[in-house]
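Student: Could you take me on a close look at the part of this model where protein and DNA meet? I would like the cut-offs spelled out along the way.

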Amino acid sequence: MELIITEKDNAARRISEILSDGSFGTDRRNGVNVYRWGGKRCVGLSGHVVGVDFPPEYDDWRDVEPVELVDAPMVKRATKENIVRTLQDLAREADAAVIATDYDREGELIGKEAYELVEEVADVPIRRVRFSSITEREVTEAFADPDELDFDLAAAGEARQMIDLMWGAALTRFLSLSSGQLGNDFISVGRVQSPTLKLIVDREREIEAFDPEDYWELFADLTSEDADGAFEAQYFFREEGRENERVWDEAAANAAHEQLLAASEATVTEVDRRTRTDQPPTPFNTTQFISAASSLGHSAQKAMSVAEELYTAGYITYPRTDNTVYPEDTDPVALLETFADTGTFGEDAASLLEADDVEPTRGEKETTDHPPIHPTGELPPRQDLSADEWELYELVVRRFLATCAEPATWEHLRVVAAANGCLLKANGKRLLDPGYHAVYPYLSTSENFVPDVTEGESLAVSDVRLEAKQTQPPRRRGQSRLIETMEDLGIGTKSTRHNTLQKLYDRNYIEGDPPRPTKLAMAVVEAAEQFADRIVDEGMTAQLERDMDRIASGEVTLDEVTEESREMLSVIFEELHESREAVGDHLRDGLKADKTLGPCPECGETLLVRRSRRGSYFVGCDGYPDCEYTLPLPSNGEPTPIDETCEEHDLRHVKMLAGRSTYVHGCPQCEAEKAEDEEDVVIGACPDCGDDHEGALAIKRTRAGGRLVGCTRYPECDYSLPLPRRGDIEVTDTYCEEHDLPELHVVQDDEDDPWELGCPICNFEEYQARQRKTDVEDLDGIGKKTAEKLADAGIDSLVKLADADPEAVASEVQGVSADRVRDWQAQAREAIDEGGDDTDPDDGEETVVEDDEGRDTLGDVEAEVDEATAG
DNA sequence: GCAAGGTC
């Protein structure tokens, strides 16, 4: 038997399809797909299935001096045990193996990992095939003429692994230990994340150091007698052969203003008309795709996860690629023809086929890894995709269409006129032929009207304006711009750049979008610059790339390169050791600055955002235990102080980060005082204790800024119902018959119609029902199609799934085994239980606490009632 | 529990 090994399951299936002419069968072994036909087996890995790490005796951060990691041995360990087992089981049965991992450096290393796993259990010949796109021609040709594994290229990848681990782990542990940050909040540095962070920090430094300068610009409207409408022209002057629009001197600006005001007409001195061609865009690689998706408002993470789904579903090609040139195999005409038959893209595709010759554009980067991202020609039924998925699918299709389209042509018209000794100019722009814009509507095609004037013509001058302006600091880079810059600098890879940004968010190094560095990030970069400059310098990657090339070409060995790197790192540690305390203090200062709100009203020390042992956040005094002053904070999300400061209390406002429901809480002291000042509004009897103890339900404001309907006998009775955080609550005259409570309306500032919340009890019951109803589709191992099949069989909620008879489901739903149903049921029960646990006040973990409409869950409400009545 | 790189 011959065993074929690919980098991922998807590739394994497609290669099997090609080599078996579609006749392959599929087996599951240890949860891994194995494709089978004739004397062949084909299995897909999941990227790296083994990883490099230190031996277990180095695991305890406190027991091991970080510097020891510099010379510590490294071992390879299976990280995906089921895949490794399957691979080795198959290898034992095989008499030959073929490695068909991706055609790039990391693919060669993954191939070598597979090679070693096979070699461990079987003495069989192992060959290597290389192809850059999974098409019939490339795959059959590659398999007809297999090659050998390139061990030097793989060694280059191994050097990267070792150097990254050694530097990253040793320095991360040193910084974390020196500042006492050992839990989840350790302080990390690395070859890719740290230069990326420095990029953000450096821009912030420029912004902070920026000193704005005043300047003036002048405009006037000009009107031609022969043409309709006035057009705007801007004042300029020539100096040393250059045109300048900005006037830096106020007196000069005023003088020009006077001159223009005195001008009754302007004489056209220059008319320059030219046509410009506007080339269609080049094919999408990962970075270009992310950047186009970002202009549609999708984050890098979101764009990539949607692209992965579209890829797994078979609608677009592999989304992680550096390539911007379609390989020879791609047949754009055939692909256009596929789309020409469809409703949505039919007309556009057909219009492109009318051209004599379809010649797609080519980008600058041509690589062997994968083709540029393009549609496969497999067409998704629109209703199968979510709105986001469809939007990004359409983007990929339209980008492909655009790369096959003609250039656009523009007419540019420049007019210069003289008015009372001043020069005015206007630049007009008109789209003559939309070209590719007709199929790719994502780029601006706005025109700027300047009429057809003639040289020597006299124009009327009106509405002369002098505008005072200031130079602006450089702009922060958004996520997609950062990813582009990372690519330009050569840091990270197509598969990791967006994850690196996410990592910076997760480590509390950056916040917001465009990302801004925290004070902690500033301190980390400063410490690194001072003692380990190499780790924040993109030059480390550049050097590593050169070294890897030398290893790959056989010029140097892996050992020589890692040894040199090791020596550099030990030198760094010599200096670091002497400054351990200074580094620790500096990092701690940064951490504290991120949590600081302002002066404590009780003792004048500093108020900080702190975390209780139970995990909830509150505002506490840095003078604790001498000062016990505290203020509550909302429990939904992570509190972050922002720049805005309360004028009354001199405290920074707090923003609650909670994904989509992020909001600004404001000054915590103001919020607490508001609750104390506001009277409770009684709306009816308490359903728990109204009869026995005359408890009443009231609308209350909590000191943490939330609102709820709760019993006036709290804490004797803790009955409560949640209310939305935002908007004014109105008590109406309509009563709920079932609960004898008034219906409530919520009036929101930005909306005309109030939200008719209804009776608070009914509303809460509906809300709970909705919370419990997680989609069946959200469980692991259930895709859209399976979820549909289940729904057809009447199973459309977690509760129904949990209660179903697995055997019955298996017999009713094709392709689903009873075991798989049992697995889903276990997950479903867990999900259902979790929903119920939300109300457990002792649950220190963060729970889902606000729904789409901005309501707190009962769990938080109870916590807040605690605070409200305790204070 | 550290990195960065694959993949889901």
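Tutor: Here is a walk along the surface near the DNA, followed by a few residues and the chain as a whole.

This is a predicted model, in which local features need pLDDT of at least 70 and side-chain atom pairs count only at pLDDT 80 or more, while totals for chains, interfaces and linings use all residues. Residues are numbered from 1 along each chain as its sequence is written, chains are lettered from A and ligands numbered from 1 in the order in which they are written, and side-chain values use heavy atoms, with hydrogens and water left out.

Let us begin with DNA strand B. It is surrounded by 40 residues, the closest being H48, K80, R173, L182 and Y318; a residue is near a strand if one of its heavy atoms lies within 4 Å of it. Sorted by type, the residues of this surface are ten nonpolar, 14 polar and 16 charged. In that sorting, Ala, Val, Leu, Ile, Met, Phe, Trp, Tyr, Cys and Pro are nonpolar, Asp, Glu, Lys and Arg are charged, and the others, Gly among them, are polar. Seen from the DNA side, 60% of the atoms of strand B within 4 Å of the protein belong to sugar or phosphate, and the rest to bases.

Which elements supply the surface near DNA strand B? Strand β5 (50–53) and helix α6 (151–179) each supply at least two of its residues, and α6 gives the largest share, eight residues. Helices (H or I, at least four residues) and strands (E, at least two) are DSSP runs, numbered from the N terminus.

Three polar contacts (pairs of N or O atoms within 3.5 Å) show the detail. A backbone N or O atom of W61 lies 2.7 Å from a base oxygen of DNA strand B. Phosphate oxygens of the strand are approached by polar side-chain atoms of two residues: T496 at 3.0 Å and D102 at 3.4 Å.

Now for some individual residues. R477 sits in the loop between β15 (458–470) and α14 (479–489). This arginine is buried but has no salt bridge, and the nearest side chain of opposite charge, E206, is 6.0 Å away. Buried means under 20% relative accessible area, exposed over 50%, and partly exposed in between, with a 1.4 Å probe and protein chains only. A salt bridge needs a side-chain nitrogen of Lys or Arg within 4 Å of a carboxyl oxygen of Asp or Glu; Lys and Arg count as positive and Asp and Glu as negative, with His and the chain ends not counted. Leaving aside residues up to four places away in sequence, R477 touches L199, R203, L482, T485, P514 and P515, where contact means heavy atoms within 4.5 Å.

Q88, in helix α3 (residues 81–93), counts as buried because its relative accessibility is 11%. T312 belongs to helix α10 (residues 300–312) and counts as exposed because its relative accessibility is 52%. The C-alpha atoms of T312 and N10 are 7.3 Å apart, although 302 residues separate them along the chain.

Finally, the whole of chain A: it has 27 helices and 31 strands, and 49% of its 871 residues count as buried. Of its contacts between residues at least 6 apart in sequence, 65% join residues at least 24 apart.

Definitions and conventions
A polar contact is a pair of N or O atoms within 3.5 Å; within protein, one must be able to donate a hydrogen and the other to accept it, and residues adjacent in sequence count only if both atoms are side-chain atoms.
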